[in-house]
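Grab a pencil and work through these short exercises on aromatic rings and a helix. Try each task yourself before you read the solution.

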Amino acid sequence: MINLAQREIAHTLGKFLATATGVGMLLGIVMIMMGVYRGMVIDAQVLLNDLHVDMWVVQENTLGPFAEASRLHEDMKNTIHAIDGVAEAEGITFQNLQLPRNKEMIRVFAVGFDPYGTINPINPSKLIAGRGLKRSHYEIVVTDKTGFHLHDTIPLGRDLYHVVGITHGTVSSGGDPLVYVSLKDAQELQFLYSNARIHNDRARGIKTSNSHMVNAVVARVKKGYNVDDIAKNIQRFKHKSVYTAQQEKTILTKNLIKMASKQIGMFTVILVIVSTIIIALIIYTMTLEKMKEIAIMKLIGLPNSLIIKMIVQETLLMGVLAFIAGNIFAHLIYSKFPKRVVLETPDAFGLFIVIVIASVLASLVGVKKVISADPAEAIGG
């Protein structure tokens with residue numbers, strides 16, 4: 001039997017391919033948005049995985065430094081380290097900084113830690129040039145995204161910092177490039193006021209603030225000890241909020257990006273609906289253009305089922321071609337985005353199923369027109 005869908009597509013090939021490509025670009029954006037969400041989830045776990053600690057001790061009644069302000073005295077690390085079952089404990093700071101480069105400011109997320117301590121957030125496998133921190137002052141390790149090179153000098157606060165190492169793939173939970181400085185330098189940048197501020201505060205009778213603070217104390221637990229039990233003891237007797245590694249991951253991947261994931265989801269649904277409407281309109285227009293031919297088919301005795309099959313086949317083929325075009329488009333442009341975009345096969349497969357269902361639904365407008373076609377129209381000219 002003659003394949004009516006194939007004949008019809010061949011007759012309007014240019015329009016058919018142009019429409020499929022246009023819809024495909026919309027679907028490509030859908031894939032990119034799903035990839036942005038996947039990238040956000042991965043970015044949120046980069047620092048957690050590099051630190052590889054069992055507990056996060058933060059200011060009481062807070063969710064920790066990634067979600068809200070948290071301050072602890074630096075010597076809290078000694079208190080935590082002395083608890084039975086704790087193998088290692090270190091103070092750590094987090095802050096956003098603006099680094100000047102070529103007359104522009106680069107927003108980064110700075111991690112401050114003790115270079116001589118037992119917990120180092122710099123993952124050796126991600127260090128692509130230079131070395132880690134070895135001094136307590138004026139050294140900085142940057143990620144390659146910042147554009148800095150080894151031995152560059154960066155003015156920061158009151159001092160100049162020398163780039164001693166470069167990492168790759170290190171970002172904060174918000175997607176900003178990570179840089180690493182010593183704990184003493186980080187404390188001065190975050191907690192120590194300028195001379196003018198200190199002088200002004202003293203004139204007002206305000207005591208100078210203590211710069212020996214950290215945003216969190218991270219700890220590793222000895223083998224054989226239960227992390228949850230130790231965390232509960234710290235909360236009870238030290239009056240601090242304590243989160244296990246899994247709880248901290250939940251805060252980062254669910255609480256912090258919850259709103260962003262909802263927004264991405266809404267845009268994704270809207271784009272899929274728009275793509276379905278576009279396919280439906282094109283199929284409806286193509287059906288209107290061949291109403292006389294359809295009337296002739298019905299007049300000579302072709303059943304509605306055969307004509308409906310042609311419409312459904314056209315719509316499905318357009319949906320499949322649009323999906324292929326969208327996949328190609330997404331893979332061509334995803335690396336150009338400033339933040340991480342992760343395209344995964346299960347997401348693409350899920351979108352393909354959605355597009356097939358949407359294409360079937362879109363064909364209904366053409367099917368309705370075919371069913372209502374009057375064979376007498378073939379005679380009227």
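Rings of Phe, Tyr and Trp (its six-membered ring) pair if their centres lie within 6.5 Å. Keep in mind that this is a predicted model. A search of the whole structure turns up 7 aromatic pairs.

**Exercise 1.** Work out how the rings of F94 and F109 are arranged, and which strands they sit in.

*Solution.* Start with the geometry: the ring centres are 5.9 Å apart and the planes meet at 15°, so this pair is stacked. The cut-off for stacked is under 30 degrees. Next, find the two residues: F94 is in strand β3 (residues 86-101) and F109 in strand β4 (residues 104-113), so the pair ties together parts 15 residues apart in sequence. Both F94 and F109 are buried. Finally, F94 and F109 join W56 and F66 in one aromatic cluster.

**Exercise 2.** Now do the same for Y138 and Y161, and decide whether each is buried or partly exposed.

*Solution.* Here the centres lie 6.1 Å apart with the planes at 70°, so the pair is edge-to-face. Y138 belongs to the loop between β5 (127-130) and β6 (139-143), while Y161 is in strand β8 (residues 159-167), so the pair links parts 23 residues apart in sequence. Y138 has a relative accessible area of 29%, so Y138 is partly exposed. Y161 comes in at 1% relative accessibility, so Y161 counts as buried.

**Exercise 3.** Compare the reach of helix α8 with the expected span.

*Solution.* Helix α8 (residues 258-289) has 32 residues. From first C-alpha to last, α8 reaches 47 Å, close to the 46 Å expected at 1.5 Å a residue. Its buried residues include I264, L271 and I283.

Note on methods. Residues numbered from 1 in each chain as written. Predicted model: local features only at pLDDT ≥ 70, side-chain atom pairs only at ≥ 80, totals over all residues. Heavy atoms only, no water. Helix = DSSP H or I, 4+ residues; strand = E, 2+ residues; numbered from the N terminus. Expected span 1.5 Å × (residues − 1). Buried < 20%, exposed > 50% of the residue type's maximum accessible area, 1.4 Å probe, protein only. Phe/Tyr/Trp six-rings, centres within 6.5 Å; stacked < 30°, edge-to-face > 60°.
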